[in-house]
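Could you walk me through this model, helix by helix? I would like to follow how its parts face one another.

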Amino acid sequence: MKLDELRKELDEIDWQLLKLFHKRLDIAKKIGLVKKEKRLKVVNKNREMLVINSRQEKGVQMGIDKTFITNIWKLLMTESKKNQRGIIK
């Protein structure tokens with residue numbers, strides 16, 4: 001494969017990731033609405049640990065660095081919580 005072809009493939013994956021990030025954040029906002037309705041707190045440390053641990057386990061099985069996985073999911077959850085805090089005031 002040529003470099004340009006590989007870069008084009010990476011670009012396509014990046015667009016797919018952006019679409020998935022958008023979808024994930026949209027669902028997190030919907031969760032925020034449910035939390036507001038049920039008068040729940042934005043932060044659920046137990047859920048966060050379950051999510052991170054399960055993603056680490058699957059990612060490591062796939063050969064992805066555990067720290068990388070942790071960093072990505074912490075960023076995702078931070079953004080989700082930020083959006084939910086905008087809903088739950």
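A polar contact here is a pair of N or O atoms within 3.5 Å; within protein, one of the two must be able to donate a hydrogen and the other to accept it. Keep in mind as we go that this is a predicted model.

With that cut-off in hand, let's begin where helix H3 begins. There, a side-chain oxygen of Asp 65 comes to within 3.1 Å of the backbone nitrogen of Thr 67. The helix itself runs over residues 66–87, 22 residues in total. From its first C-alpha to its last, H3 reaches 32 Å, close to the 32 Å expected at 1.5 Å a residue.

Now look at which way the side chains of H3 face. Its buried residues are Ile 69, Thr 70, Leu 76, Met 77, Ser 80, Lys 81, Asn 83 and Gln 84. Because these residues cover an arc of only 160 degrees around the axis, they lie on the same side of H3. A little helix geometry is handy here: an α-helix has 3.6 residues a turn, so residues three or four places apart point the same way. On the other side of H3 you will find Leu 75 and Lys 82, which are exposed. And what covers the buried residues? H1 and helix H2 (45–61) are included in that cover.

Let's turn to H2, then. Its start can be read much as we read that of H3: a side-chain oxygen of Asn 44 reaches to within 3.2 Å of the backbone nitrogen of Asn 46. H2 has 17 residues, which should span 24 Å at 1.5 Å a residue, and its end C-alpha atoms are indeed 24 Å apart. Buried in H2 are Glu 48, Val 51, Ile 52, Gln 56 and Gly 59. They cover an arc of only 125 degrees around the axis, so they sit on the same side of H2. These buried residues pack against H3. The other side of H2 carries exposed residues, namely Asn 46, Leu 50, Glu 57, Lys 58 and Gln 61. After H2 comes Gly 63, with a positive phi near 90 degrees.

Finally, let's visit H1, which covers residues 3–38 and contains Leu 20. Is Leu 20 buried or exposed? Its relative accessible area is 54%, so Leu 20 counts as exposed, the cut-off for that being over 50%. To get a feel for distances, compare Leu 20 with Lys 2: the two are 18 residues apart in sequence, and their C-alpha atoms are 27 Å apart in space.

How values were computed
Residues numbered from 1 in each chain as written. Predicted model: local features only at pLDDT ≥ 70, side-chain atom pairs only at ≥ 80, totals over all residues. Heavy atoms only, no water. Helix = DSSP H or I, 4+ residues; strand = E, 2+ residues; numbered from the N terminus. Buried < 20%, exposed > 50% of the residue type's maximum accessible area, 1.4 Å probe, protein only. Expected span 1.5 Å × (residues − 1). Arc of directions from axis to C-beta. Contact = heavy atoms within 4.5 Å.
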